[in-house]
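Thanks, everyone; I will take a few minutes to go through one model, moving from the overall picture to some local details. Please have the sequence and the coordinates open while I talk.

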Amino acid sequence: MKTGRYMIVRILLTVLLSFAMVGYLACSAVTALLSPSVCTSIIEDEGLAEKVYAALEKDFKSAYNTTAIPPETYMDAITTEWLEEEMQAHAEARFDYMNTPDKHEITYDTDFTALEESITAFFYEYAESIDYEPDDVFEEKLSETIENAKKTVLKRMDAFYLDTLYENGMLTKVQRYLPYLNGLSWGLWGLTLVLIVTLILLDRSGGWRRSYWTGCGVFCGGVLAAAVPGYILMTDRISGFAIKDPIVYAAITDLIEYFVYGLLVKAAIFAAVGLIFIAISVVFNKKPKEAEK
Amino acid sequence: MKEKTKECKNTEKQGASMSRPVQLMLPVLILMLCAGIAILALMRPYEKVQTLLNIAFMDNMKEPESEESGLRIVENEIDTDYAGETSSEGEAVIPTFGEQYAMLEMESVGISVPVYWGSNAELLELGAVQTTASAVAGAGGNAVIDAHVNTFFRDLDKLEVGDTVTLYTQYGRFTYAVEKKIEFKETDKQYVLPTEEEQLTLYTCEMQVFGSSETRIGAVCKPTEMVYYSTEVTEE
């Protein structure tokens with residue numbers, strides 16, 4: 001009777017340990033995703049700056065049909081190195097906002113000096129070539145063109161849709177809940193350790209055999225946490241991402257892949273550790289002679 | 001008392017030292033129990049986000065078909081000298097997005113341009129485009145076609161009232177005459193709205209050097225001859 005009760009308690013604690021581990025793994029994967037280094041390395045590894053450059057060239061070529069401003073006016077002031085630097089700084093500023101609880105606004109502004117100078121020079125040269133005396137209309141069109149160019153560049157640079165998320169208040173929500181997420185992550189890690197210690201102490205079989213229930217919990221937690229990312233990768237769901245714009249597609253799918261692979265690797269490690277614990281305890285398991293008698 | 005404690009410890013040890021098959025089966029059973037609890041707990045939340053996930057990761061768009069986007073451009077060779085059987089009544093065929101479905105000819109101003117079904121920047125680089133919100137030629141309604149002023153519709157403003165405009169499609173040849181020339185603001189939708197009678201609306205941007213043009217210029221054309229092919233003559 002007592003053995004049965006002990007068994008039920010151990011099973012319940014093992015189940016609890018599994019879910020505490022799943023929660024901890026999920027929280028830590030989300031927390032890792034909120035580090036700016038993930039986005040900046042994707043920008044670099046995926047060559048997003050080159051993709052943005054090509055897209056901008058196409059945008060300004062297409063705009064030439066309605067504005068008659070040669071695309072070179074813009075593209076001569078833009079380089080892939082500048083784009084990469086600004087894209088990384090742009091992303092870092094947004095992540096900095098999310099990770100700083102008392103920050104009220106994003107404080108980084110992209111440096112468009114070269115672009116502004118190039119557009120201004122074109123407008124004055126063009127006006128001179130047709131003997132047009134710059135007036136209010138000229139100034140208005142010039143500032144409108146500069147603003148439109150800035151908007152186009154910023155829209156293309158924002159591969160992770162961070163500005164859209166900021167405008168819709170999502171980044172502010174993340175900023176508000178991030179400390180709780182970190183707290184939850186630590187709490188679940190603490191609970192995991194407490195449960196492991198409790199399971200070890202409850203097992204009086206001694207030696208390595210004590211690792212059996214801990215092994216069961218860690219193994220189950222690892223397998224459960226690996227199930228969803230494993231399913232996502234096996235069914236290739238990520239490549240079905242609906243936004244087919246090459247820049248956004250590369251950025252977002254890479255970000256999801258980072259999250260999924262990160263979770264899968266951590267979960268697989270835990271599952272393997274659990275399996276090792278179980279294997280050790282099974283190998284060292286010998287029935288006490290007295291009990292056998 | 002001591003004996004009772006000893007007995008108790010033995011009972012615990014017995015419990016701890018399960019047989020190997022039980023030891024090996026137990027983690028699998030616990031895993032199944034955990035999976036069952038997880039499925040039950042996540043069923044409702046998953047139902048809520050399922051639609052969003054299906055939209056975000058649409059299966060039918062898994063492979064980007066064009067190198068630059070998900071757009072699938074189909075170039076068709078359209079016969080402008082069809083000599084087969086024809087009739088004055090027939091059925092219009094609605095093409096797929098990105099498919100070249102017609103050749104537009106305006107001899108008086110020297111315009112001959114392929115027309116693609118659907119409107120976006122990529123298609124506008126290839127020719128004229130017809131918005132999918134408008135009617136296909138010959139289906140009875142307003143067929144709205146536009147193109148860039150710097151490329152294919154450079155001379156559209158030279159079109160005069162009475163000029164002939166011909167639209168060769170995969171299923172027929174439709175001849176129109178320019179009824180009136182039009183000029184409207186980008187935000188003004190009066191000429192691109194559906195109509196009950198068959199008509200062809202052509203437009204492009206007004207050339208503007210300092211900044212984007214908000215004015216559109218073009219022509220509204222009325223049908224003079226509608227010929228439907230008895231057999232489809234296009235080759236891909």
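Let me begin with chain A, where, among the contacts between residues with a separation of 6 or more, 82% are accounted for by residues 24 or more positions apart. I should say at once that this is a predicted model, and that the predictor assigns the complex an ipTM of 0.75 together with a pTM of 0.64.

As for what chain A is made of, it has 12 helices and zero strands, so that, per the definition of those elements, the order from the N terminus on reads α-α-α-α-α-α-α-α-α-α-α-α. The chain has 293 residues, of which 32% count as buried. Its pLDDT averages 87, with 94% of the residues scoring at least 70.

Where in chain A does pLDDT stay under 50? That is the case over residues 289–293 of chain A, and for this stretch the model has six contacts beyond four places in sequence. Where pLDDT is low, the predicted coordinates should not be read in detail.

Now to the helix packing in chain A, for which I have picked two pairs. The first pair is helix H5, residues 80–99 of chain A, and helix H9, residues 170–202 of chain A, whose axes come within 7 Å and cross at roughly 45 degrees. H5(A) and H9(A) are therefore oblique to each other. On the H5(A) side the residues that meet the partner are Arg94(A), Tyr97(A), Met98(A) and Asn99(A), while H9(A) contributes Leu171(A), Val174(A), Gln175(A) and Leu178(A). Sorted by class, the residues of this contact of H5(A) with H9(A) come to five nonpolar, two polar and one charged.

The second pair is helix H10, residues 211–234 of chain A, and helix H11, residues 246–283 of chain A, which pack with their axes 7 Å apart and at an angle of about 150 degrees. Since angles over 145 degrees count as roughly antiparallel, that angle makes H10(A) roughly antiparallel to H11(A). The crossing of H10(A) and H11(A) is left-handed, and the contact of H10(A) with H11(A) has 22 nonpolar and eight polar residues, with no charged residues.

The loop between H10 and H11 of chain A holds Asp236(A), and this residue deserves a moment of attention when you check the backbone. Asp236(A) is not a glycine, although it has a positive phi of about 55 degrees. Is Asp236(A) buried or exposed? With 11 other C-beta atoms within 10 Å, Asp236(A) is exposed.

Tyr161(A) is another non-glycine residue with a positive phi, here of about 60 degrees. Its place is the loop between helix H7 (136–157) and helix H8 (162–167) of chain A. Tyr161(A) has 15 other C-beta atoms within 10 Å and is therefore partly exposed.

Returning to H5, the loop between H5 and helix H6 (113–129) of chain A contains Tyr108(A), which is partly exposed, having 14 other C-beta atoms within 10 Å. What does Tyr108(A) touch, once residues up to four places away in sequence are not counted? The answer is Ala89(A), His90(A) and Ala93(A). For one of these, His90(A), the distance to Tyr108(A) is 7.0 Å from C-alpha to C-alpha, with the two positions 18 residues apart in sequence terms.

Let me turn to chain B, which has three helices and nine strands, arranged along the sequence in the pattern α-α-β-β-β-α-β-β-β-β-β-β. Buried residues make up 28% of its 236 residues, and of the contacts in chain B between residues at least 6 apart in sequence, 60% join residues at least 24 apart. The mean pLDDT of chain B is 81, and 82% of its residues reach 70 or more. Over residues 59–67 of chain B pLDDT stays under 50, and the model has 15 contacts beyond four places in sequence for them.

My last residue is Leu126(B), in the loop between helix H3 (121–124) and strand S4 (128–130) of chain B. Leu126(B) is partly exposed, with 18 other C-beta atoms within 10 Å. Leaving aside residues up to four places away in sequence, Leu126(B) touches Pro114(B) and Tyr116(B). Gln100(B) is 26 residues from Leu126(B) in sequence and 9.6 Å from it in space, C-alpha to C-alpha.

Note on methods:
Residues numbered from 1 in each chain as written. Chains lettered and ligands numbered in written order. Predicted model: local features only at pLDDT ≥ 70, side-chain atom pairs only at ≥ 80, totals over all residues. Axes fitted to C-alpha atoms, helices over the stretch in contact; angles between N-to-C directions. Helix = DSSP H or I, 4+ residues; strand = E, 2+ residues; numbered from the N terminus. Parallel < 35°, antiparallel > 145°, perpendicular 65-115°, else oblique. Contact = placed C-beta atoms within 7 Å. Nonpolar A, V, L, I, M, F, W, Y, C, P; charged D, E, K, R; others polar. Left-handed = near helix turned anticlockwise from the far one by under 90°. Buried ≥ 20, exposed ≤ 12 C-beta atoms within 10 Å, placed from the backbone. pLDDT = per-residue confidence, 0-100.
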